[in-house]
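Visitor: I have a structure open on my screen and would like to talk it through with someone. Could you take my questions one at a time?

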Amino acid sequence: MCKKSIILMPHFDDEIFNAISLLIKYSNPISIYFTHQGDCISRENYLKDIEDMNRVMEKLNKYRKENQKAPVTVEMYSDYNDVGRLSITEEWHEKLCRGIETDIKNNEIEYFIIPSPSNHQAHKSCYNIGKSLLRAPYINNIQNILIGTYYVDKITPNDLNESLCFHVPMKKEEVKFAVDLISLYTKNHAINPENIEVIFRYEGFTCSEEYAQSFYPYYIKHNLS
C-alpha cells in the first residue's frame, strides 16, 4: 500500500488554519477533500474561490517539489448547482464518502485530519462527516487521526473534551510561508492573515516551542517528525 495522508476540510483556507504544518512537513502524497466551497452565494464568488485555491495549491506544490516532497491533490465535492449554504444532498454526501473510503481502503493513511466542530455550521457538518467515516472497519488503515484547531476554538466552546496535546513544531520561515499562502485567498477572513503568526506562537507556547500547530488527538500511533 502507498503511504499518504488525507485532510478533510469545509472551506478553502481551512487547510492552512487547520493543517499547514502537515502540508509543509509531510513528505508523502496528501489528498485534500473540500466539502463546501466557501458557502458561496453567487457563481462569481464560487469561481473566484476556486481560482484562489488553485493559486494556493500551485505555490504549495512548488514549495513541496523544491523540498523533495510528493504533491498535494484536491478533491471538491459540490458544484455551483448545490453550493448554497449547507445544501447537502444525499448524492453529494454519498459521492464524498465514497471518494474518501476508496482512498483509505487503497492506501496506508498515516494522518487523517478533520476540522474541529467550531461554532460555524459548515465546520460542524464536516466534523460529523469525518467522525462517521471513522466508524468503518477500514479505520485500521489509518495510523493517526487528528482534529484540527480552528482559531475560534480558543474563545468559543465546542464538544471536544480533549486537550491540545499533539503538537507539530514550526520554524519562523514556515509560519511566514503559511501567511503568504493564506494571503492568496482574496476572501474576507475572520482573522487577518498576518495574525496567523499569533496563533502559531500561542500554540507553540503550549508545548515550549517558538511556533507550533496543535491538534486534538483522536487516535495516535506516532508523531510527525
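Guide: Happy to; we will go through charged pairs, helices, strands and a few single residues.

Visitor: Before we start, what kind of model is this?

Guide: Good thing to settle early. Local features here are held to a pLDDT of at least 70, and side-chain atom pairs to 80 or more. The model is predicted.

Visitor: How many salt bridges does it hold?

Guide: Side chains of opposite charge can pair when their charged atoms come close. The pairs counted here have a Lys or Arg side-chain nitrogen within 4 Å of an Asp or Glu carboxyl oxygen. By that rule the count is nine.

Visitor: Take E51 and K48: which helix holds both of them?

Guide: Their side chains meet in a salt bridge, with N to O at 3.5 Å. E51 is partly exposed at 42% relative accessible area, and K48 is partly exposed at 32%. The two are three residues apart, about one turn, and the element they both lie in is helix 2 (residues 43-66).

Visitor: What is the N to O distance between R98 and E94?

Guide: An α-helix has 3.6 residues a turn, so residues three or four places apart point the same way. R98 and E94 sit four residues apart in helix 3 (residues 90-106), about one helical turn. R98 counts as partly exposed at 43%, as does E94 at 46%. Their side chains meet in a salt bridge, and the N to O distance is 3.1 Å.

Visitor: E197 and K172 also meet in a salt bridge. How many residues apart in sequence are the parts that this pair ties together?

Guide: The N to O distance for E197 and K172 is 3.3 Å. E197 belongs to helix 6 (residues 196-205) and K172 to helix 5 (residues 172-182), so the pair ties together parts whose separation in sequence is 25 residues.

Visitor: Are E197 and K172 buried, partly exposed or exposed?

Guide: Partly exposed covers the range between 20% and 50% relative accessible area. E197 has 27% and K172 has 46%, so both fall in that range and count as partly exposed.

Visitor: Which residues do salt bridges with shared partners join into one network?

Guide: We have already met two of the members, E51 and K48, as a salt-bridged pair. Shared partners join them with two further residues, and the network reads K48, E51, D52 and R55.

Visitor: Let's turn to helix 1. How far apart are its end C-alpha atoms?

Guide: Helix 1 (residues 14-25) has 12 residues, and at 1.5 Å a residue it should span 16 Å. The model agrees with that expectation, as the end C-alpha atoms are apart by 17 Å.

Visitor: How many residues of helix 1 are buried?

Guide: Buried means under 20% relative accessible area. Among the helix 1 residues that meet this are D14, F17 and L22. The helix is mostly covered, with the buried residues numbering 11 of 12.

Visitor: Which residue in strand 7 is the bridge partner of L146?

Guide: Strand 5 (residues 142-147) is mostly covered, with six of its six residues buried. Strand 5 pairs with strand 7 (residues 211-219) in the antiparallel sense over three bridges. In strand 7, the partner of L146 is P217.

Visitor: And which residue stands opposite L146 where strand 4 pairs with strand 5?

Guide: Strand 4 (residues 107-114) and strand 5 pair in the parallel sense over five bridges. Together with helix 4 (residues 121-133), these two strands make a right-handed β-α-β unit. The residue opposite L146 is I113.

Visitor: With which side chain does the side chain of H123 make a polar contact?

Guide: H123 lies in helix 4. H123 is buried, with a relative accessible area of 1%. The contact spans 3.3 Å, and the partner is the side chain of D14.

Visitor: What is the phi of Q68, roughly?

Guide: Q68 sits in the loop between helix 2 and strand 3. Q68 is exposed, at 67% relative accessible area. Although Q68 is a residue other than glycine, its phi is positive, near 55°.

Visitor: Last one: where is S208 found?

Guide: S208 is not a glycine, yet has a positive phi of about 60°. S208 counts as exposed at 72% relative accessibility. Its place is the loop between helix 6 and strand 7.

How values were computed:
Residues are numbered from 1 along each chain as its sequence is written. Side-chain values use heavy atoms; hydrogens and water are left out. Buried means under 20% relative accessible area, exposed over 50%, partly exposed in between (1.4 Å probe, protein chains only). The expected span of a helix is 1.5 Å times one less than its number of residues. Two strands pair if DSSP finds at least two bridges between them. A crossover is right-handed if, with the strands pointing away from the viewer, the path from the first strand over the helix to the second runs clockwise. A polar contact is a pair of N or O atoms within 3.5 Å; within protein, one must be able to donate a hydrogen and the other to accept it, and residues adjacent in sequence count only if both atoms are side-chain atoms.
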